[in-house]
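This briefing covers one protein chain, from its overall make-up down to single residues. Please keep the sequence and the structure in view while reading.

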Amino acid sequence: MTDLEDAAAVFAGLRPRLFGIAYRMLSSATEAEDLVQDVWLRWQTTDRSRVENPGAFLATTTTRLAINELQSARKRRETYIGPWLPEPVDTSADPYLGAEREEALAFASLMLMEKLSANERAAYVLREAFDYPYAQIADILQSTEPAVRQLVSRAKKHMTGEQRTTVAPAAQKELLTTFLAAARTGDLGELERLLTAGVSSISDGNGAIRVARRPVAGSERVAKFYSALSSWYWEGWRSRSSPPTGRHRRCCGGPATSRA
């Protein structure tokens with residue numbers, strides 16, 4: 001093998017973990033893929049003879065680039081029209097997520113992590129999703145081990161403090177199926193029955209026509225909102241158990257998520 005072929009083989013073996021870090025940091029599969037590609041370009045031009053641990057080197061590069069990109073992304077989102085939501089992926093089928101612990105992949109977790117600082121998010125992701133030692137996280141973040149422990153502790157308190165009651169996957173699937181059936185037919189009564197009084201619907205459309213630019217709150221208002229959408233939003237849609245590509249794109253033509 002040539003030196004570049006060897007470098008490509010090493011990178012390919014580590015790519016799932018690098019994508020997993022980048023995705024959890026940025027909440028966007030598209031941006032994560034772009035970032036990992038940037039890491040690959042940097043890896044090609046690195047003096048690899050001086051790299052003792054490629055995994056640590058590439059994880060450090062990915063994390064630091066993700067911190068910079070997250071800070072830039074948050075500035076871009078200040079001019080975003082309406083709410084911005086994470087871009088979900090199919091957590092059951094996507095081979096590029098590479099995590100020892102999958103809790104940090106849940107859509108609700110990504111929403112909560114949006115409120116963390118860039119360093120808190122990096123420390124939380126590396127520790128809770130990939131079980132990195134505190135000392136290694138400190139090296140990656142150019143910090144101290146006690147400071148990293150504080151970052152992780154603050155992040156965990158925030159995450160656990162705002163988490164809602166978990167639902168079994170089977171019950172969640174049944175609820176989602178029932179909700180989609182009611183939403184597609186515009187069954188106002190069934191929608192109201194399914195929603196709690198404090199439900200809030202958040203739409204991500206960046207100014208697209210007929211997309212709510214502010215959260216819609218309350219079971220009656222949310223039910224009417226989805227009932228009104230039934231006449232046009234679902235046209236051409238069909239359900240399937242798993243996306244063939246292993247990824248979902250955030251839809252910009254209507255509501256992206258509802259949460260109670």
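Helices here are DSSP runs of H or I with at least four residues, and strands are runs of E with at least two, both numbered from the N terminus. Threonine 79 falls outside such runs, in the loop between helix 3 (54–77) and helix 4 (107–113). The model is a predicted one.

**Overall make-up**

- The protein has 10 helices and three strands, and from the N terminus on its elements follow the order α-α-α-α-α-α-α-α-α-β-β-α-β.
- Of its 260 residues, 41% count as buried.
- The protein exposes about 14,200 Å², with 50% of that supplied by carbon and sulfur atoms.
- If contacts between residues at least 6 apart in sequence are taken, 70% of them join residues at least 24 apart.

**Helix 1 against helix 2**

- Two packed helices are described by the angle between their axes and the distance between the axes.
- For helix 1 (residues 3–26) and helix 2 (residues 29–45), the angle is about 145° and the axes are 9 Å apart.
- The crossing of helix 1 and helix 2 is right-handed.
- On the helix 1 side the contact includes Leu4, Val10, Phe11, Arg15, Phe19 and Tyr23, and on the helix 2 side it includes Ala29, Glu31, Leu35, Val39, Trp40 and Trp43.
- The residues of this contact divide into 17 nonpolar, one polar and three charged.

**Arginine 121**

- Arginine 121 lies in helix 5 (residues 118–129).
- Because its relative accessible area is 0%, under the 20% cut-off, arginine 121 counts as buried.
- What does the side chain of arginine 121 reach at 2.8 Å? The partner at that distance is the backbone oxygen of arginine 24.
- A polar atom of the arginine 121 side chain also lies 3.4 Å from the backbone oxygen of methionine 113.
- Leaving aside neighbours within four places in sequence, the contacts of arginine 121 include Met25, Leu26, Ser27, Leu70, Arg74 and Glu114.

**Residues with a positive phi**

- Most residues other than glycine have a negative phi.
- Serine 27 has a positive phi of about 60° although it is not a glycine. Serine 27 sits in the loop between helix 1 and helix 2, and with a relative accessibility of 0% it counts as buried.
- Glutamine 142, also not a glycine, has a positive phi of about 55°. Its place is the loop between helix 6 (134–141) and helix 7 (145–162).
- Is glutamine 142 buried or exposed? Its relative accessible area is 64%, over the 50% cut-off, so glutamine 142 is exposed.

**Loops and pairs set apart in sequence**

- Threonine 79 is exposed, with a relative accessible area of 66%. Its C-alpha atom is separated by 9.4 Å from that of asparagine 206, although the two residues are 127 residues apart along the chain.
- Aspartate 204 is in the loop between strand 1 (200–203) and strand 2 (216–217). At 0% relative accessibility, aspartate 204 counts as buried.
- A polar atom of the aspartate 204 side chain lies 2.9 Å from the backbone nitrogen of leucine 85.
- Phenylalanine 107 belongs to helix 4. Phenylalanine 107 counts as partly exposed because its relative accessibility is 24%, between the 20% and 50% cut-offs.
- Phenylalanine 107 and valine 89 are 18 residues apart in sequence, and their C-alpha atoms are 8.8 Å apart in space.

Definitions and conventions: Residues are numbered from 1 along each chain as its sequence is written. This is a predicted model: local features need pLDDT of at least 70, side-chain atom pairs count only at pLDDT 80 or more; totals for chains, interfaces and linings use all residues. Side-chain values use heavy atoms; hydrogens and water are left out. Buried means under 20% relative accessible area, exposed over 50%, partly exposed in between (1.4 Å probe, protein chains only). A polar contact is a pair of N or O atoms within 3.5 Å; within protein, one must be able to donate a hydrogen and the other to accept it, and residues adjacent in sequence count only if both atoms are side-chain atoms. Contact means heavy atoms within 4.5 Å. Axes are lines fitted to C-alpha atoms, for helices over the stretch in contact, and angles run from 0 to 180 degrees between N-to-C directions. A crossing is left-handed if the near helix is turned anticlockwise from the far one by less than a right angle, and right-handed if clockwise. Ala, Val, Leu, Ile, Met, Phe, Trp, Tyr, Cys and Pro count as nonpolar, Asp, Glu, Lys and Arg as charged, and the others, Gly among them, as polar. Accessible areas come from the Shrake-Rupley method with a 1.4 Å probe; for residues, only the protein chains shown count as cover.
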